[in-house]
Amino acid sequence: MKKLFLFLTISLVALAPAWAQTQAGAQQQQGGAAAATSVWENLVGEVKAVEPASRRVTVLLDSGKTETVTMVEQATYLLVPPGETNLEKGTPVTLADVGVGDRVLIRAAGGRSRRLVLTSKSAVAARRASEAAAREGRRLNGRVLSTDASKKLIVVQARGREGAEAVTLDASAAARFLRYAPDSMRPADAQPGSLADVRVGDNVRATGERSADGRTFKAEEILSGAFARFAGTVTKVDAARNELTVKSDQGEQTVTLALGPRSSLRRATPEFEKAVAERAERFGRREQRRAEGQGGGGQAQGGGGQAQGEGGRGRRRDGEAGQRAGDGERRGEGGQRRGGQGGPGGGGNNFQQMIEALPAVALADLKKGDAVVVTLTPAADASRGTVVSLLTGSAEVLRGMQQFQRGPDGQRGMSPGLPGDVIGGGQGPTREPPR
């Protein structure tokens, strides 16, 4: 019996290493099978966090999702210039070189990766700035002064270093013409058009090459449209027709406005109204100082002021330099630049972003007596139009916003009805010539 027990003990000791090796092999096979069934995918986005100790990288993907990937110990990291697709031109780096804000491409499966390709945040910013400058140099924004269909020429009032200037736009080689959608200032919403659609007073945004002297512009693409803006009071809301009627504060004209699928309706909040009041107060003080500075018929002003013959430098120090005094449309609603609403001519500033962040309202939320500022696309009938954007709030606030659109000699950059002042891509409140 003792011999049998001793034999079994010796057998188990001898077999233990083999059993352990068999189990390890089985686990490796299972791990390999799991890896084989994992789906490899390319994760592209912006780095939001890096944890060097655990080798974890969190990425906000371009799709909007957030993924956290663990880099294996022997992972490779490659730095490439923006836009480069040939990885052979990359430079080997380490995880320590990966920073928040960098653009990355990670090949991952099961939350793990052994390769990360990145482009630094600073390089991306530099490239974007360069591209923006290049686009700006190939872009012309302005208002149509005249058209010549036979010669395919359009004379545009554009902004230059010395103020407004006339530029002849050569449309003979234009690859395509586009027209702003009736309910949107977004170029992405533009519709096919033609040279015949371009009218005097239209806003134009052209892409192409400008001559060395700046007097002509060879267009490759032309985007045009007509917009008007005015303040008024709602007199009727017709939900069945998806329309409302507004009586202008200037001229007493009544305009029937249709809503499109992209029309934006927003309501001013108390915070927004406070910001408008503060800006209106500052604007009023500047206007007062400017008026005082113009006294004396061009004589030098006392108290350290500048002579009026010095090219307006004194007025510059009051914030109303040169053309700025007449830049009603340049400032737009609440101080936005170049056409406003992010529309023709570009941009917008923080104040415009505040407008876009205001709560949206439905047509049914409006009622008779509400004060509104409306940006619209005019119809052939001057008493009708399509809403691009509408802002409602207290009448006092909207009147304050109108101050930001004051033109030279007290003119308003607001259309009292239709037709009237169109938004001129930052050109100021030049009147549409008589038809």
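Let me begin with the overall make-up: the secondary structure of this protein comes to seven helices and 18 strands, and please keep in mind throughout that what we have in front of us is a predicted model. Of the 435 residues in the protein, 39% are buried, and the accessible surface comes to about 23,400 Å², with 51% of that belonging to carbon and sulfur atoms. If we take the contacts with a separation of 6 or more, 59% of them are accounted for by residues that sit 24 or more positions apart in the sequence.

Let me turn now to the strands. Five of them close into a barrel, and going around it the order is E14-E15-E16-E18-E17, with mixed pairing. In this sheet, neighbouring strands are turned against each other by 55 degrees on average, with direction ignored. To look at one pairing in detail, strand E16, which covers residues 254-267, and strand E18, which covers residues 384-393, pair in the parallel sense over eight bridges, and Ser-264 stands opposite Ser-389 in E18.

Another strand of the barrel is E14, made of residues 228-238, and Ala-231 is found there. Is Ala-231 buried or exposed? Its relative accessibility is 6%, and because buried means under 20%, Ala-231 counts as buried. Ala-231 also gives us an example of two residues far apart in number, since 142 residues of sequence separate Ala-231 from Val-373, while their C-alpha atoms are 4.3 Å apart in space.

I would like to finish with the salt bridges, of which the structure holds 17. One of them joins Arg-56 and Glu-51, whose closest N and O atoms are 3.5 Å apart; Arg-56 is partly exposed at 33% relative accessibility, and Glu-51 is partly exposed at 34%.

A further salt bridge is formed by the side chains of Arg-138 and Glu-209, at 2.4 Å from N to O. Why do we say that this pair ties together separate parts of the chain? Arg-138 lies in the loop between helix H2 and strand E7, whereas Glu-209 lies in strand E12, so the pair links parts that are 71 residues apart in sequence. Both partners are partly exposed, Arg-138 with a relative accessible area of 26% and Glu-209 at 44% relative accessibility.

Finally, Arg-186 forms a salt bridge with Asp-189, with 3.3 Å between the closest N and O atoms, and here Asp-189 counts as buried, at 18% relative accessibility. Through shared partners, salt bridges join Asp-183, Arg-186, Asp-189 and Arg-262 into one network.

Definitions and conventions
Residues are numbered from 1 along each chain as its sequence is written. This is a predicted model: local features need pLDDT of at least 70, side-chain atom pairs count only at pLDDT 80 or more; totals for chains, interfaces and linings use all residues. Side-chain values use heavy atoms; hydrogens and water are left out. Helices (H or I, at least four residues) and strands (E, at least two) are DSSP runs, numbered from the N terminus. Buried means under 20% relative accessible area, exposed over 50%, partly exposed in between (1.4 Å probe, protein chains only). Contact means heavy atoms within 4.5 Å. Accessible areas come from the Shrake-Rupley method with a 1.4 Å probe; for residues, only the protein chains shown count as cover. Two strands pair if DSSP finds at least two bridges between them. Axes are lines fitted to C-alpha atoms, for helices over the stretch in contact, and angles run from 0 to 180 degrees between N-to-C directions. A salt bridge is a side-chain nitrogen of Lys or Arg within 4 Å of a carboxyl oxygen of Asp or Glu.
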